[in-house]
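Me: I am new to this structure. Can we go through some of the labels and what stands behind them?

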Amino acid sequence: MPLNAIAAGPSPGPTALPTVPAEKLQHIIDNVIPVHPLGHPDFIAATLVHLASRQAGYVTGAAWDLNGGIFMR
């Protein structure tokens, strides 16, 4: 069975929104994330479902960075 990983960046949810002050979050969006918006949980979930599907059977040993360009290989 192939092993893959998803390295998700900041997204609106129960971790980021209540714990990061609004001003700091806006700074991160404007200055740290190259594509600017926060990631969307639906996109992260859809990628996870895709990687678990038979269509992704040829993908193995990969880390998918879903972080808007914060970290690029």
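Me: Why is Val 32 called partly exposed?
Reply: Its relative accessibility is 38%. Buried means under 20% and exposed means over 50%, with partly exposed in between. So Val 32 counts as partly exposed. Keep in mind that this is a predicted model.

Me: Where does Val 32 lie?
Reply: Val 32 sits in the loop between helix H2 (22-31) and helix H3 (41-52).

Me: What makes Val 32 eligible for a surface patch?
Reply: Patch residues need over 30% relative accessible area and no salt bridge. Val 32 has 38%, so Val 32 passes the area cut-off. The patch is nonpolar and covers about 240 Å². Val 32, Ile 70 and Phe 71 make it.

Me: How do you know that Thr 47 is buried?
Reply: The relative accessible area of Thr 47 is 8%. The cut-off for buried is under 20%, so Thr 47 is buried.

Me: Which residues does Thr 47 touch, leaving out those up to four places away in sequence?
Reply: Thr 47 belongs to helix H3. Thr 47 touches Ile 6, Trp 64 and Leu 66. Each of these contacts means heavy atoms within 4.5 Å.

Me: How much of the protein counts as buried?
Reply: The share is 18% of the 73 residues.

Me: What pattern does the protein follow along the sequence?
Reply: The pattern is β-α-α-α-β. That comes to 3 helices and 2 strands.

Me: What share of contacts with a separation of 6 or more joins residues 24 or more positions apart?
Reply: Such residues account for 72% of those contacts.

Definitions and conventions:
Residues numbered from 1 in each chain as written. Predicted model: local features only at pLDDT ≥ 70, side-chain atom pairs only at ≥ 80, totals over all residues. Heavy atoms only, no water. Helix = DSSP H or I, 4+ residues; strand = E, 2+ residues; numbered from the N terminus. Buried < 20%, exposed > 50% of the residue type's maximum accessible area, 1.4 Å probe, protein only. Patch = residues over 30% accessible without salt bridge, like charges linked within 9 Å, V, L, I, M, F, W, Y side chains within 5 Å. Areas by Shrake-Rupley, 256 points an atom, 1.4 Å probe, with all protein chains shown as cover. Salt bridge = Lys/Arg side-chain N within 4 Å of Asp/Glu carboxyl O.
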